[in-house]
Amino acid sequence: MSLQSWKDRIESIALGLLTIEINTIRKSGMSAQKMPELPIALHSIVDCYSDFLSSGGYGVTQALLDLASQRIGGAPGVNNTLIAWKPDAAPLDMAEITNGAAMFEAMRWAAAAAIRDDNIVLLGPTPEKALHQEVRAVFVRIVSNCRQLVPLVKGLAAKYGQSNELFGGTLEETAQAVFSGARNYYDETDVVILIRKVWDIGTETVLAQTSVQVDGDMVTRISPDIEGAQRDFLLALHTSSVKTGLAQWQAMFDLVKSLIGELGRMLFAPRP
Amino acid sequence: MLWEDLLRGGITVDTPEGAPRLRSVVQLDGDTTTLASAAYLDGLAADDGPLQALMAEHQARVAARLKIYASLQAAGAWLHYGAWAASAFSLVIGGLTFGYTHILDEVAPAMVPLTIRYLAPRVLPGLLKLALGRQAGVFADTHQEVAKLQARRNGAAGGAGAGY
């Protein structure tokens with residue numbers, strides 16, 4: 001994802017319009033709080049992911065963080081070490097973790113290690129000891145989201161970093177930078193959309209998901225974990241969300257269509 | 001509020017307001033996430049009536065908030081037609097000064113699209129940033145989130161999921 005020009009941003013949003021994804025999630029600990037500013041939202045995501053990784057026995061260690069820093073710095077020969085990484089030390093102290101690109105890279109490899117080890121169990125003599133499929137799905141999600149967030153956070157740090165306090169500092173450093181008034185990073189619409197998606201879903205289990213592509217293909221996945229008594233309600237809620245998402249999608253297409261129509265009339269309409 | 005929704009990358013609708021049992025997030029590109037409070041669902045597992053009433057209320061709230069995008073479209077249309085009106089006005093002034101033939105033949109065709117193209121990416125972010133000074137709600141949420149994260153990292157509180 002580029003942070004360079006309006007053209008790139010519009011292109012990114014346009015590409016996002018090719019498919020829509022509607023998720024219904026059952027969430028514990030829900031309150032009225034809304035998404036904070038981007039640097040703090042990234043800290044929330046780090047907090048959430050590292051908590052999940054640690055509880056699964058794959059917390060980010062200092063050694064892994066160092067390797068991740070080397071990799072995003074372009075050091076050669078680090079990949080094999082990362083692929084073979086095992087959680088053989090205590091996880092980082094929570095007070096030391098940052099919202100920088102290296103942390104997201106490290107979490108990506110920690111989750112990848114969990115999936116690798118689960119694959120070994122699945123192929124071994126006791127596949128019943130493998131991870132529950134919903135837990136495994138969260139590890140996969142962490143890998144996927146961190147892969148997208150690394151270049152994005154690197155770009156933000158390069159553009160707005162202020163000595164990497166906003167996008168690469170500890171919580172205390174970032175909070176201080178944010179509250180000191182450095183709030184000039186709001187024009188990155190595509191960045192906000194991606195971080196918002198990652199922040200919204202966190203490590204919660206997706207109960208129902210519908211993906212609709214621009215050519216009309218539609219895929220709906222429903223978790224077998226939906227409890228019987230709430231099943232009807234949650235599926236009705238999901239159906240309602242699909243209608244809402246499609247209506248919003250239609251509105252965006254109508255807007256694009258009207259702009260293109262206006263341009264066509266301007267260029268090709270017969271002159272009096 | 002429109003500016004807050006844009007800052008946060010999508011519309012957030014909580015039902016009921018203040019202590020949500022349902023939350024929907026509708027993003028600019030149509031992606032939609034709906035969250036149901038586990039505690040509330042568990043508490044009402046045997047009774048379907050309140051759930052249906054809650055969902056109906058939530059649907060109405062979402063529909064009402066989506067109208068905000070219609071406002072955005074209307075604002076875009078006004079910007080579009082405003083730009084054309086300003087261009088036409090400039091042509092009239094220029095025409096009275098230099099002669100319409102000269103303006104129409106040489107200057108206007110080149111200047112109008114260039115001016116729009118030059119100003120749009122510069123003026124719109126400026127307006128957005130100007131509006132940020134009034135976003136007390138966003139900053140209050142940031143303070144709240146920092147306090148919560150600090151508490152969690154110090155081991156004083158638990159909770160699952162990013163953010164709320």
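# Exercises on a sheet shared by two chains

Five of the six residues of β3(B) are buried, so this strand is largely enclosed by the rest of the structure. Buried here is defined as having 20 or more other C-beta atoms within 10 Å of the residue's own, exposed as 12 or fewer, and partly exposed as in between, with C-beta atoms placed from the backbone. Strands (E, at least two residues) and helices (H or I, at least four) are DSSP runs numbered from the N terminus.

The model is predicted: local features need pLDDT of at least 70, side-chain atom pairs count only at pLDDT 80 or more, and totals for chains, interfaces and linings use all residues. Residues are numbered from 1 along each chain as its sequence is written, while chains are lettered from A and ligands numbered from 1 in the order in which they are written.

**Exercise 1. Find the strands that pair with β3(B), and give the sense of each pairing.**

Solution. Two strands count as paired if DSSP finds at least two bridges between them.

- Step 1: begin within chain B, where β2(B) and β3(B) (residues 32–37) pair in the antiparallel sense over five bridges. Arg23(B) has Leu35(B) as its bridge partner, and Val26(B) stands opposite Thr32(B).
- Step 2: look at the turn. Four residues separate β2(B) and β3(B) in their hairpin, and Gly30(B) in the turn has a positive phi of about 100°.
- Step 3: cross to chain A. Strand β1(A) (residues 19–27) pairs with β3(B) in the parallel sense over six bridges, and Asn23(A) stands opposite Thr33(B).

**Exercise 2. Follow β2(B) residue by residue: which way do its side chains point, and are they buried or exposed?**

Solution.

- Step 1: Leu22(B), Ser24(B) and Val26(B) point one way, Arg23(B), Val25(B) and Gln27(B) the other way, and all are buried.
- Step 2: because six of the six residues of β2(B) (residues 22–27) are buried, the strand is largely enclosed by the rest of the structure.
- Step 3: add the partner β1(B) (residues 10–15), which pairs with β2(B) in the antiparallel sense over six bridges; Val13(B) stands opposite Ser24(B).
- Step 4: inspect the connection. The hairpin of β1(B) and β2(B) has six residues between the strands, and Gly18(B) takes a positive phi near 95°. Pro16(B) lies in this loop, and the peptide bond from Thr15(B) to Pro16(B) is cis, with omega near -10°.

**Exercise 3. Assemble the sheet: what is the order of its six strands?**

Solution.

- Step 1: the order is β3(A)-β2(A)-β1(A)-β3(B)-β2(B)-β1(B), in an open sheet with mixed pairing.
- Step 2: β3(A) (218–222) and β1(B) stand at the edges, each with a single partner strand, so one side of each is left without a neighbour in the sheet.
- Step 3: ignoring direction, neighbouring strands are turned by 10° against each other on average. Axes are lines fitted to C-alpha atoms, for helices over the stretch in contact, and angles run from 0 to 180 degrees between N-to-C directions.
- Step 4: at the chain A end, five bridges join β2(A) (residues 206–213) to β3(A), and these strands run antiparallel. The bridge partner of Val212(A) in β3(A) is Met218(A).
- Step 5: place the helix. α8(A) (residues 189–201) lies across β1 and β2 of chain A together with β1, β2 and β3 of chain B, running at about 160° to β2(B).

**Exercise 4. Describe the setting of Leu18(A): is this residue buried or exposed?**

Solution.

- Step 1: locate Leu18(A) in the loop between α1(A) (6–16) and β1(A).
- Step 2: Leu18(A) is exposed, with 11 other C-beta atoms within 10 Å.
- Step 3: list the contacts, where contact needs C-beta atoms, placed from the backbone, within 7 Å. Leaving aside neighbours within four places in sequence, Leu18(A) is in contact with Gln213(A) and Val214(A).
- Step 4: compare sequence and space: Leu18(A) and Gln213(A) are 195 residues apart in sequence and 6.0 Å apart in space, C-alpha to C-alpha.

Key:
Two residues are in contact if their C-beta atoms, placed from the backbone, lie within 7 Å.
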